[in-house]
Amino acid sequence: MNPMTFLVLAVLTVAAALTVVLHRNPVHSALGLVATLFLLAVQFLSLDAELIAALQVIVYAGAVVVLFLFVIMLLNLEVDVRAVGGPMLLATAGAATLALGAFLVAGLRRDVGGAAADLPVGFGRTATLAERLFTIYLLPFELASLLLLVAIVGAVALARRRI
Amino acid sequence: MVADAVIAAVEALFIILLMLQVVALGVFFERKVSAVVQDRVGANRAAIFGVAALGLVNTLIADPIKFLLKEDVRIAGADRLLHALAPWVALLPALIAFAVVPFGDVLEIGDRIVNLQAAELDIGILFVLATTSLGVYGVILGGWASNNRWSLLGAVRGSAQMISYEVAMGLALVGVVLSYNTLDLQEMARQQGALLWGWLPAWGILYQPLAFVIFFTAGIAESKRIPFDLPESESELVSGFFTEYSGAKHLMFMMTDFVEVALVAALVTTLFFGGWQVPYLYRDGFHFPWGSGIGLPSLVVTILQVTAFMLKVVCFTWLQTMIRWTLPRFRYDQLMRLGWQGLLPLALVNVLASAAIILVLRRP
Amino acid sequence: MGATPLSWYLALSAVLFTIGALGVLIRRNLIVIFMAIELMLNAVNLTFVTFSRNLGSMDGQVIVFFVIAVAAAEAAVGLAIILELFRVRATTNADEVTSLRW
């Protein structure tokens with residue numbers, strides 16, 4: 001992908017992420033999250049991960065954030081009056097974040113090399129991912145489906161009305 | 001490179017304009033088919049110099065002008081940004097979904113063979129699912145940003161209905177993908193050109209009849225048309241989630257309704273009824289099963305196939321309009337029960353049965 | 001114009017992760033904290049996909065598949081917990097739910 005295009009997308013993604021974290025209105029935060037997830041899906045596409053980009057939009061941007069918005073609407077959340085914590089919390093959080101940022105930047109200084117020159121045939125395609133998922137990663141796949149079942153049952157059990 | 005981009009842009013423009021014709025036709029059908037069903041004449045008053053053109057002037061010229069010239073109401077106490085954003089978020093994903101719908105086989109320009117599909121994606125049908133998932137936000141934002149409890153009620157109902165029927169739609173598509181062995185819609189359309197037993201076109205409806213019923217029902221529910229229009233419910237919630245919209249934004253929400261009708265019709269034709277396939281028509285002309293054939297230049301073949309696609313889409317648009325004006329509306333709990341306790345188990349049974357049959361038939 | 005160096009993707013991922021961590025630490029609304037957690041998970045997804053492209057191996061994308069599935073499950077259960085908490089305490093502010101009783 002063109003570096004200029006990437007820079008524009010990256011700036012938009014960071015702006016959307018900052019909206020999620022800093023905006024006082026939870027609905028605007030949720031929309032910032034949708035924008036971030038959608039822009040990340042575009043980044044995935046530029047990295048030749050087509051199926052993952054589609055799954056990101058279908059599952060994450062299209063279902064998980066809808067769930068967030070449902071909860072916000074059901075609880076009728078107003079604009080946060082006390083959105084961020086007190087000064088002690090802000091100072092500690094700022095210091096911790098700076099430390100984290102420094103740690104990550106130090107990790108990035110190592111050169112990881114560029115994109116692999118020769119990609120295997122069918123990289124990023126559905127058939128390739130599915131083949132791996134059903135042969136090598138079969139056990140995690142079945143466990144993930146079990147996990148989803150448990151999550152569904154748990155969410156319904158927790159959220160239903162008890163008369 | 002540039003030529004590829006230009007061709008893709010032209011194809012995208014062509015399919016969108018084509019589908020906007022279907023939208024216009026859908027609007028006209030709404031007025032006139034409903035009139036025929038209800039034994040009345042329908043809108044025919046607006047006329048230019050006395051020419052009313054069977055109500056076309058009224059529906060396609062006077063109505064849009066009226067909508068565009070109406071005042072855009074600003075709501076007190078509502079979120080202005082979200083209120084303005086919602087119609088776009090509803091309309092754009094529905095239009096974008098047409099990028100993967102194939103409207104013809106190939107077009108030969110000189111020595112270049114152009115695939116008549118705006119975006120050749122490996123993930124084809126998943127792109128449509130992704131865009132319909134994004135369309136839910138238009139409903140949520142429209143209802144939430146209107147500062148009106150009926151709008152909010154319509155929005156919550158509408159979005160819950162949409163995400164419920166998305167599940168059934170996706171599972172119905174799993175059966176379809178199993179039987180075609182591909183996700184790309186153009187590949188699916190091409191595979192339906194094969195002939196069963198030498199004479200029967202192998203259209204998807206023969207392989208996946210149950211998936212057709214589930215997908216069609218879920219598609220009508222996704223676009224919130226009657227009998228699934230409780231989120232909009234013109235007689236109960238005023239206009240549901242787009243009560244507080246007027247003028248051009250109202251027009252955009254209504255357009256979304258018809259664009260999704262066209263989308264469901266286009267998908268149903270591509271997946272189950274051969275897409276652009278005309279029976280016995282190949283790239284070099286007709287080859288009838290009884291031996292004779294008619295040779296045709298490739299441009300004529302392409303035009304025939306695009307016309308066939310349009311005719312089939314118009315057919316299913318008409319079918320959805322007929323369904324709208326015949327059936328009463330579902331109550332909300334009936335609607336949810338149908339989605340989760342009716343269509344979802346049926347779709348699962350369809351996946352199991354399809355997989356079992358394919359496994360048996362393809363065993364070497 | 002060549003392709004973007006992959007370290008830029010990693011830098012974007014690091015920035016997103018940091019923003020998510022900042023959100024978890026300073027925001028008080030439980031739902032926004034949740035959204036910041038999802039942001040961190042997505043930053044990690046971007047790292048996985050970048051390295052999958054770097055090494056030419058599909059394993060990174062398989063891991064992203066599982067991360068997406070687990071994150072969806074976790075979001076569902078977490079939001080159900082928040083709903084239940086709201087029914088009991090009538091608040092979603094983390095400062096007001098600091099004790100187990102009353």
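This report walks through chain A of a predicted model, from its overall form to its helices, its nonpolar core and its contacts with chain C.

## Overall form of chain A

Welcome to an all-helix chain: chain A has six helices and zero strands. Following the sequence from start to end, the pattern reads α-α-α-α-α-α. The radius of gyration of chain A is 20 Å, well over the 15 Å that the globule rule gives for 163 residues, so the chain is more spread out than a compact globule.

To picture its extent, imagine a box of roughly 55 × 45 × 25 Å along the principal axes, which the C-alpha atoms of chain A fill. Of the 163 residues in this chain, 29% are buried. If you look at contacts in chain A between residues at least 6 apart in sequence, 52% of them join residues at least 24 apart.

## Helix α3

A good helix to find next is α3 of chain A, which covers residues 50-75 and so has 26 residues. From its first C-alpha to its last, α3(A) reaches 36 Å, close to the 38 Å expected at 1.5 Å a residue. There is a bend of about 30° in α3(A), located at Gln56(A).

Because 19 of its 26 residues are buried, α3(A) is largely enclosed by the rest of the structure. After α3(A) comes Asn76(A), with a positive phi near 50°.

## Helix α6

Helix α6 of chain A takes in residues 138-159, 22 residues in total. Its reach from first C-alpha to last is 32 Å, close to the 32 Å expected at 1.5 Å a residue. Here the surroundings are sparse: α6(A) is hardly covered, with two buried residues among its 22.

## The nonpolar core

The largest nonpolar core contains 164 residues, and Ala172(B) and Ala262(B) have the most contacts inside it. Domain 1 (1-81) and domain 2 (122-163) of chain A both give residues to this core, so it lies between them.

For a closer look, try Ala262(B). Leaving aside residues up to four places away in sequence, Ala262(B) touches Met19(B), Val22(B), Val23(B), Gly26(B), Val313(B) and Thr317(B).

## Where chain A meets chain C

How many residues of chain A are in contact with chain C? The count is 73 residues of chain A, in contact with 63 residues of chain C. On the side of chain A that touches chain C, at least two residues each come from α1 (3-22), α2 (26-46), α3, α4 (87-108), α5 (126-135) and α6. The most come from α3(A), which gives twelve residues to that side.

Methods
Residues are numbered from 1 along each chain as its sequence is written. Chains are lettered from A and ligands numbered from 1 in the order in which they are written. This is a predicted model: local features need pLDDT of at least 70, side-chain atom pairs count only at pLDDT 80 or more; totals for chains, interfaces and linings use all residues. Helices (H or I, at least four residues) and strands (E, at least two) are DSSP runs, numbered from the N terminus. The radius of gyration is taken over C-alpha atoms; the globule rule is 2.2 Å times the number of residues to the power 0.38. A residue is buried if 20 or more other C-beta atoms lie within 10 Å of its own, exposed if 12 or fewer, and partly exposed in between; C-beta atoms are placed from the backbone. Two residues are in contact if their C-beta atoms, placed from the backbone, lie within 7 Å. The expected span of a helix is 1.5 Å times one less than its number of residues. A nonpolar core is a set of buried Ala, Val, Leu, Ile, Met, Phe, Trp, Tyr and Cys residues joined through C-beta atoms within 7 Å. Domain bounds come from an automatic or database domain assignment. The bend at a residue is the angle between axes fitted to the seven residues ending there and the seven starting there.
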